[in-house]
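Hi everyone, thanks for coming. I'd like to walk you through a structure that's new to most of us, so have a look at it first.

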Amino acid sequence: MSAQQLITAELRQWIGAQLAQGCSQEQLLAAMQSSGWDASVAATALAQTLDPSLVQPMAAGPAISQAVRDAAAGSAVPEPDLSGGRPVIRVGDREVRVLLSLRHPRVVVFGGLLSDEECDAMVAQSEARLARSETVAAKDSGSEVNAARTSEGMFFERGENELIRRIEARLAALINWPVDHGEGLQVLRYRPGAEYLPHYDYFDPGMSSTPAILKRGGQRVGTLVMYLNTPAAGGATIFPDIGLDVLPVKGNAVFFSYDRPQPQTLTLHGGAPVREGEKWVATKWLRQGVFV
Ligand SMILES: O=C(O)CCC(=O)C(=O)O
Ligand SMILES: [Fe+2]
């Protein structure tokens, strides 16, 4: 059955009544989803109720919030140009290998994105700052303690130094997404036993903190996790919905994108426990707009 067949006049009337009673667009979407409506059908029904002239959910209507439009239509996302079918993409001075390409969810594994020297330099530059962040976290009665993530992390400022600028320019060319739409690179160090439990990288539309976060560049729509070393054992980046494990190999990277902040993107992922040695990654998160 098509989405339009499901969206009856009665459904739109009911949505209208909920809105009239003061229910927010986001609350209504969440309520419809939890009672079994497909997220994009629910968002389309809501968009059409708010603006009955809508033929396509993409059409802009002044009364429709950005979150609802994204849920209905899907956002633009970063995407490497693999159209030539070549196993190697030239970005600037570097040849990056395409090791795996999956359409849904959109996942691409790259080989040789970073040189060994670039990986070592990022580890060296972040190590001192990780040590400092440990001290802060310990003093500050655990505000940074997150049981789901047992790694330690730090952020580079975007464009912070020559190395970071060079890598950011390469990533932007690789996935066709402007440098200024990216957050600063985050480096994580996992010691043996450390892991990152499965999560989504987009901001949960139902959380009260999300609207303020979205003001700084919109939703996250893509992630690139770069491996700065090769752990002796364990530490794969896992995608439980699709049973994919990406083994960390120094200089390689896994990219994935998500056009809406919803589980149907199948982008649930985590870092499996490191069994032996350390694991170092640098993550670049891509936003819809300019990240400030
Ligand atoms: O460490 C990994 O493999 C995953 C990291 C991750 O999910 C993130 O940085 O958002
Ligand atoms: Fe993540």
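Okay, let's start with a warning: over which residues does pLDDT stay under 50? That's residues 138-145, and for them the model has two contacts beyond four places in sequence. By pLDDT I mean the predictor's confidence in each residue, from 0 to 100, and a contact is two residues whose C-beta atoms, placed from the backbone, lie within 7 Å. Where pLDDT is low, the predicted coordinates should not be read in detail.

So yes, this is a predicted model: local features need pLDDT of at least 70, side-chain atom pairs count only at pLDDT 80 or more, and totals for chains, interfaces and linings use all residues. Residues are numbered from 1 along each chain as its sequence is written, while chains are lettered from A and ligands numbered from 1 in the order in which they are written.

The protein chain averages a pLDDT of 87, with 86% of the residues at 70 or above. Confidence bottoms out in helix H1 (residues 3-6), at a mean of 61, and peaks in strand E11 (residues 253-257), at 99. Those labels are DSSP runs, numbered from the N terminus: helices are H or I with at least four residues, strands are E with at least two. The model scores ipTM 0.99 and pTM 0.76.

Now the layout. We've got domain 1 (7-52) and domain 2 (68-285), with bounds from an automatic or database domain assignment. Their C-alpha centres lie 34 Å apart. Ten residues from domain 1 and eight residues from domain 2 make the contact. On the domain 1 side, helix H3 (25-34) and helix H4 (39-50) each supply at least two residues, and H4 gives the largest share, six.

On to some strands. E1 (residues 88-91) and E2 (residues 94-102) run antiparallel, joined by four bridges; strands pair if DSSP finds at least two bridges between them. Val-88 has Arg-97 as its bridge partner in E2. Two residues sit between these strands in the hairpin, where Gly-92 takes a positive phi near 60 degrees. E2 then runs antiparallel to E3 (residues 106-111) through five bridges, and that hairpin has three residues between its strands.

Last stop, ligand 1. Around it are residues including Tyr-196, Asp-201 and His-269, "around" meaning a C-beta atom, placed from the backbone, within 6 Å. Strands E7 (220-227), E12 (269-271) and E14 (279-287) each give two or more residues to that shell.
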